[in-house]
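Work through the exercises below with the sequence and the structure at hand. Each task is followed by a solution in steps.

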Amino acid sequence: MNGGGKSDGPIVPQTSANNGGGNRLDGSHPAMPLAERIEGRGPAKGNSLRGPGDRTRSRATLQAALERIRQAAGRDKELRLTTLWHHVYDIDRLREAYFALKPHAAPGVDGQTWRQYGEELAANLRDLSDRLKRGAYRARPVKRAWIPKADGRQRPIGIATLEDKIVQRAAASVLGAVYEKDFMGFSYGFRPGRSAHDALDALSVGLTQRKIGWVLDADIRGFFDAINHEWLVKFVEHRIADRRVIRHVKKWLRAGVLEDGKRVDVKEGTPQGGSISPLLANVYLHYVFDLWVHRWRQRDAQGDVVVVRYADDFVVGFQHRSDAERFLEELGQRLAKFHLELHPAKTRLIEFGRYAAERRARRGAGKPETFDFLGFTHACDATRTGRFIVLRFPRKRRMRAKLRAIKDALWRRMHRPVAETGVWLATVLRGWYRYSAVPRTSRWLATFRWHVLWLWWRTLRRRGDKRKMSRAQRYRLAARWLPLPRIVHPYPAQRLAVRTQGRSPVR
């Protein structure tokens, strides 16, 4: 585990560009020192919007400040940045964070909504910025909520107050500029410019183009609830020497949870749903897993090793079974050191790859096993010419859960006009296609569309008109409202070749 580095890194310059050059919203002049500037008279009460040109210049200035942070962090990987907090409490950055939030998200413990806060946005942001500068800002407890999972269980999430969301998002954008220079190429979760499909493509290309014969499909048990606060703060301090940043990270970690009207202190974990939680989770796994596995495959592996991680869900491919078994044993020991453990029911070592089917056939072991990753089942397959490919199709459990949700929604919409329900179903299908329509999934997409039509037809029959709907009528209904499936994602090698430009996506 590398970290620490120099005790006193250079201070990031606090120029006018860092906080939105030109005449600022608070009326102060850009030549004044930003970190110590006293706020002047602001705009008229409630005047929270500015012209398009001002907003464009503000965004450009904010991005320029982040780029300087990225350059400083990239020049020295052991540099500890000492002056970052003024980038967080900059009013322009807080405003950007506010508009990046979901307007209809559930409110936190204070009950304040996005729209209510925006009615006096300029005044509210000035007050928030001032409290952040003076150290008077206090993190509020998060409200515990539960959302259903595809397997029928429930996942706890934390709903922060609106101001906590704003400050956390602003802090995440600043800290992300530092850590994006450190994160490994095989880490894809919750990173700008990277998506779940990038991780899926990287995995598919790695399994087909490398000598992979075994796959470890792993998941960390209750990861977000098991993050150790002490270790997390140490990891953040490897790169951040600004004590104000560290102090506020501790505030968010120790804010506690409000459930059933009672406040509960939290000794470990970071609530899912917080704006900064994904970044902190990536920082934790960067030091616990990413750096370790990178060194392991360079020093200890005897054959090819492919790694793809998305948040706490990762897949590792091995050329040799001996490497895979040794890695699995050492990984358990590594995670235990940092208060983590692999989920026994979701961690499997399976034979997988271009020679898996042939080897298993010789042993009479049947077809190679499949594994799930990011909503898709991955299976060994071959083209008509015999070339090995990784076949990906939507998980059956995920499809069933989605169909159950559609069924319940159709029952609630039973007496709505047909056209209104048809428009809604079209939106649902397009959303499903947008994620699931990868190459070679046309059959599964068509099956999903047929089930949606069947559920809609059953609902229509129960509206009071018991006459049987003919097959031709059902086809006309589908043709009018339900869009046909269409593959929207390119083949993995095509998209990855453009995105990585020769850089390995799994190294």
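A charge sits over a ring if NZ of Lys or CZ of Arg is within 6 Å of the ring centre and within 35 degrees of the ring normal. The model used here is predicted.

**Exercise 1.** Find what lies over the face of Trp481, and what sits over the ring of Tyr188.

Solution. Start with Trp481: Arg480 lies over its face, 3.9 Å from the ring centre. Then turn to Tyr188, where the charged end of Arg194 sits over the ring at 4.6 Å from its centre.

**Exercise 2.** Classify the pair formed by the rings of Trp231 and Phe338, and say which parts of the chain it ties together.

Solution. A pair of aromatic rings is described by the distance of the centres and the angle of the planes. The structure holds 22 aromatic pairs. For Trp231 and Phe338, the centres are 4.7 Å apart and the planes stand at 70°. Planes over 60 degrees apart count as edge-to-face, so this pair is edge-to-face. Next, place the two residues: Trp231 is in helix α9 (residues 229-237), while Phe338 is in the loop between α12 (321-337) and β8 (348-351). The pair therefore ties together parts that are 107 residues apart in sequence. Phe338 has a relative accessible area of 0% and is buried. Both residues also belong to one aromatic cluster, together with Phe223, Phe224, Phe235, Tyr284 and Tyr287.

**Exercise 3.** Determine how the aromatic pair of Phe318 and Phe327 is arranged, and whether these residues are buried or exposed.

Solution. The ring centres of Phe318 and Phe327 are 5.2 Å apart, with 55° between the planes, and the pair is tilted. Phe318 and Phe327 are both buried.

**Exercise 4.** Describe the largest pocket by its volume and lining.

Solution. First, the volume: the largest pocket holds about 1,900 Å³ of space. Second, the lining: 49 residues line this pocket, and Lys149, Arg155, Asp313, Lys346 and Arg395 lie nearest its centre. Third, the classes: 20 lining residues are nonpolar, 12 polar and 17 charged. Last, the elements that each supply at least two lining residues include β1 (142-148), α7 (196-209) and α14 (396-412).

**Exercise 5.** Do the same for the second largest pocket, and find which element gives the largest share of its lining.

Solution. The volume of the second largest pocket is about 1,000 Å³. It is lined by 40 residues, with Arg169, Ala172, Gly274, Ser275 and Pro278 closest to its centre. Elements giving two or more residues are α1 (52-75), α3 (91-100), β2, α6 (162-179) and α11. The largest share, 8 residues, comes from α6. By class, the lining has 20 nonpolar, 12 polar and 8 charged residues.

Conventions: Residues are numbered from 1 along each chain as its sequence is written. This is a predicted model: local features need pLDDT of at least 70, side-chain atom pairs count only at pLDDT 80 or more; totals for chains, interfaces and linings use all residues. Side-chain values use heavy atoms; hydrogens and water are left out. Rings of Phe, Tyr and Trp (its six-membered ring) pair if their centres lie within 6.5 Å; planes under 30 degrees apart count as stacked, over 60 as edge-to-face and the rest as tilted. Helices (H or I, at least four residues) and strands (E, at least two) are DSSP runs, numbered from the N terminus. Buried means under 20% relative accessible area, exposed over 50%, partly exposed in between (1.4 Å probe, protein chains only). On a 1 Å grid over the protein atoms alone, a cavity is a set of points where a 1.4 Å probe fits but cannot get out, and a pocket is an open set with protein on both sides within 12 Å along at least five of seven lines; lining residues have an atom within 4 Å of a point. Grid points are joined across faces, edges and corners, and a volume is the space filled by probe spheres set on the points. Ala, Val, Leu, Ile, Met, Phe, Trp, Tyr, Cys and Pro count as nonpolar, Asp, Glu, Lys and Arg as charged, and the others, Gly among them, as polar.
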